[in-house]
Structures are given as C-alpha cells and as structure tokens.
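Ready for some practice in reading a protein model? Keep the sequence and the 3D view at hand, and try each task before you look at its solution.

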Amino acid sequence: MSPNAAIATPRSSPMRQKSLTNDTACSAHPVAGVDPERAVLGAMLLNPVAAKIAITMLGAAQTCFIGQDTACIFRALVSLHRANIPLDMVTLTDELEKSGSLARAGGASGIAELTDAVPTSANVEHYARIVRENFKRREITAACDAFRNDGDLGEFKRKTCKILEVPDGKEQLTLTDMTNWKNLANEAIPSVFHEGLPLKTFGLLAGDGGTGKSFLALELALSVAFQRPLITGFTPTSDATGPVLCCFAEDDSHVVSSRLKSVCVAMGVSLGEVDELIQNRQLEFIAGYSEPLLTSDGAGGYVHSAAFENLERRVNDREYSLVVVDPLISWAGVSDENNNSAMQQVALALIGLAKASGGAVLCCHHTNKSGSRSADMSQNLSRGGSSLQSAARWICTMRILGEKEAERFDLSSEDVSDYVEIAIAKNSYAEQLAGRSYLHRERGGALRSVNLREARKVRVSGIIADLLSSSEAHLTRREISRGTNEKAKALRTELKKRCSGITGR
C-alpha cells in the first residue's frame, strides 16, 4: 500500500469517502509536482505546529533528505527549533550564515523560494511521510546492493529490520533483560490517570445505552489534553502529556462541537481554552466515521484492515497519550461480539494501537442486558466475549442510579435519571480502588462530579439542628443519645422518622 493511500472505501457512500481525520486541510492530497522535501521545509517556515510535526516524523537528523541543500536547511531549522527561536526566513538565513552553510543551502534567494514550494502548511504530515518513505526505499536499495556484494544474510536482515522498524529476530523467543529489576520495582508503572489505565494497554468504559459514556469519554480526553482533572477520581499523570485523539463513529463534527460546548459550560472551562487545544493539535478528532479495524480473512478468522494500518501509522507518528474509540463495536469489524476468538483479535488490535502510540486506548462499550438493572458493577457487565474483558487492563463501569440508592440519598423519582453511578471495576497494575462515585447530568448532557454522600450528611445535620432548635425539651447531648425519659425517646423517634429517607434506616 502506498504510504499516502487513504482508506479504501466505496465511492457510492459519501460518509465513507472521508479520510481518517476531521481536519479537511490535513486530509487534502499533496499537489502534483511539488517537491516533498522543499514542501516540508516551506511548511516548517510557515507554521510552528507544522515544524513540530515534521521534526517528530523525520527525527532531528537530516539523513531523510537526499538533497544537499534541503538536508542543510532542515538541520538549521531543527537547531532553531531546539533553541526556541521563531522559524522564518530571516532567522534561517542568519543561522545558515553563522554555520557557513548558506551557499550550500542555495543562498538567500533559495531560502526565499521555500515558502512558495508548498501550497499550504496543513499538508506537512503527507509530505513528511513521503520524505520518510523515500528515505527508507533508498536505504533498502543500499542494503540490497551490499548484500549482492558480500552475501552476508545476517547483516542484511539486521539492516532491513532496522530500516523497516521491525524488531530483529521477532520470530525467536529471547530472554528478557531483568538486570535492572530492582530499579524498575521502585518505579510506578506509567498510566494515563493516577487511578489507573496503564500506557501501551487498552481499557473499557462500559455502560448501558444512554448513561453518558460518550460524554464521560470526551471529558476524560479533555482532562488528559488539559493535564488537569475535570472529573473527580480521574487525575492525569505526568506520563500522559502527549496529544489526544477521539474517534467517534456515531457522532459527527456538529454533535461533537455541541458536546464540547456543553462540557465547557458545565465544567467552567472557557471555549478559548478548548479551541487552543484543537488549534495546537493537542486534541484531535475523527468524527462521524467508522471503518472496521478488522476484516474477514475468508477462512473464519480476521486480519487487520486498511483502516487499522492507516490509524496505526497515525498514532505512531503523533504518539498520542490517549486514543478514545467510541463505540468499540462500530470500529471492531466482527460479526459476533460473543465470539471469544473474534474478540481476542479485537483486543490484540487495540493493544497494537496502544503500543504504536505509546499511550493507552480507551473504548466505550455496552453492558449486557442485565447491566442497567443490576446493582453489581463488576467487569463482567461488559458485553461480548470474556476474552475482551480479560485482555483489558482497566475497566470502568457506569449506570443510571438505582431506586434504592436514590432513596438513600433522598433524591426524587423525577431527578434520579439525572444521576450516574461509576466504579473502577478492574485496575491492573495499580491499587484497587474501593467505593463508587457519582455524576450529575447537566443541561446539555455533560456529566459533572457530585458528592452525594457529603450532601446527605449536610441534610441530616440540618434536620438534627432544626429538630433541636424547635424542641422545648432542652436535653443534654447525653440525654439525647441515651436518655430513657419520655422526652428523649420522643426526640429520637422523631429524628429517625425524619432521617429515614436519607439514611436508609
């Protein structure tokens, strides 16, 4: 497959003709006749974000560039970028003059023509990928020439594995180096949140339809992008400082925009803050699109689809700290989610994406039929084959607050549907968290943390204070709690009566 190939989709479906991005500028194909090496350099001069993308994809060395002039210019741009000096034609020309490389770079006139070599900086990712793939082709060709001359098969294999970024000897079982185990044992296993979700793994956010999984996933994604907690009990770690990608199959850009605004209003976040995240590509979206990550191999099994390969390249290039997949079943591509073998392949694909990005993948998933009616919030509520739950390293379950809990917290029947109960049911490699927390559905659908237990204590304290102030008994604290006289007994009876709906006793 060409490195620039979009996902193959039927031409008859406008929805399926979208590329794996919601940024129309970035999805445009490179203009024919444009020199990709000069286009990358021109984009770096036009846009500091494009410069960061190019350096991330091509590395800090200039070896990916075949032209002597372009290699020289790229090295100078990297040097300026590392020194936090703005990239423009003046600073670039000065840097090349200082290093004595201006003539080799084509002179001042050649520098001035760089920005004319690129139609838009938005295509830098496409051009950088072309430059990188061309470099790999040259390296493979050189390795083949060397093999023809010396016939050293082992050296040829080592070189090609390095070029293609394939672990050498992947097919062999090798012993793991454990010489550093004492140091590693004292280090926390890196995770997205202090409450779990280890890097290079995947987790599940499981709930019945209508519980607000998509909203919660979006709020957790924003927490990681902002590097501050928006939901109580989900605090981002310093291990997850990279960009965030949200893949929404069922929600287009209009719906996502509306949800973002609702979250901003509910959480007291300014629209400008979110806009800055998106403009700086710290928060990215694939919205209103789903192409199966797996496809049938024709023999009852599944293999990675073109969509998976495309997404895998993207997450590898950008090194996302968190990738949200919502809902999982729309992306999985399996016909029977109760098939353990098929769901095992889905799990392996998700782990592959997580390892490619270096971050974690969080999947929104439905619960089984009894999920919304059961008080049990264990990992077994997740729908589908058990192999998926077994492979997940972190599972958070959620459900609409039940009637018994609503009575305990003195909530009216009209309000109960606005409260959601969540629990971290599986927390591999981290401390197992006890208890459940609660969210309130705000106007617009956003979920906001609430402390129902504390609110209950406040109401009980208010009832006690009100009862004592209205009583003419003038009892001491000891008489109130243990007194055997009629006034003390009557006061305790009234107190139990008024608090029975709140305390559940």
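Below are four exercises, each with a worked solution.

This is a predicted model, in which local features need pLDDT of at least 70 and side-chain atom pairs count only at pLDDT 80 or more, while totals for chains, interfaces and linings use all residues. Residues are numbered from 1 along each chain as its sequence is written, and side-chain values use heavy atoms, with hydrogens and water left out.

**Exercise 1.** Find where S121 lies and decide whether S121 is buried or exposed.

*Solution.* Start with the secondary structure, where helices (H or I, at least four residues) and strands (E, at least two) are DSSP runs numbered from the N terminus. S121 sits in the loop that joins α6 (107-112) to α7 (124-150). Next, check accessibility: buried means under 20% relative accessible area, exposed over 50%, and partly exposed in between (1.4 Å probe, protein chains only). S121 counts as buried because its relative accessibility is 15%. Finally, look for contacts (heavy atoms within 4.5 Å). Leaving out residues up to four places away in sequence, S121 touches A43, L46, N47 and A50.

**Exercise 2.** How many disulfides are there?

*Solution.* Apply the rule that a disulfide is a pair of cysteine sulfur atoms within 2.5 Å. The count comes to zero. Take C363 as a worked case: its nearest cysteine sulfur, that of C364, is 7.9 Å away. Then turn to burial: C363 is buried, at a relative accessible area of 0%, and C264 is buried too, at 3%.

**Exercise 3.** Describe the surroundings of strand β3 (residues 202-207).

*Solution.* Begin with burial: six of the six residues of β3 are buried, so the strand is largely enclosed by the rest of the structure. Now sort the residues by direction. In a regular strand the side chains alternate between the two faces of the sheet. F202, L204 and A206 point one way from β3, while G203, L205 and G207 point the other way. Last, find the partners; two strands pair if DSSP finds at least two bridges between them. β3 pairs in the parallel sense with β9 (residues 360-366) over six bridges, and G203 has L362 as its bridge partner there. β3 also pairs in the parallel sense with β10 (residues 394-400), over five bridges, where G207 stands opposite M398.

**Exercise 4.** Which helix gives the most to the lining of the largest cavity?

*Solution.* Read off the lining: A143, A146, F147, D150, D152, E155, F156 and K159 (a cavity is a set of points on a 1 Å grid over the protein atoms alone where a 1.4 Å probe fits but cannot get out, and lining residues have an atom within 4 Å of a point). The elements that give two or more residues are α7 and α8 (153-163). α7 gives the most, with four residues.

Definitions and conventions: 1 Å grid on protein atoms, 1.4 Å probe; cavity = no way out; pocket = protein on both sides within 12 Å on 5 of 7 lines; lining within 4 Å.
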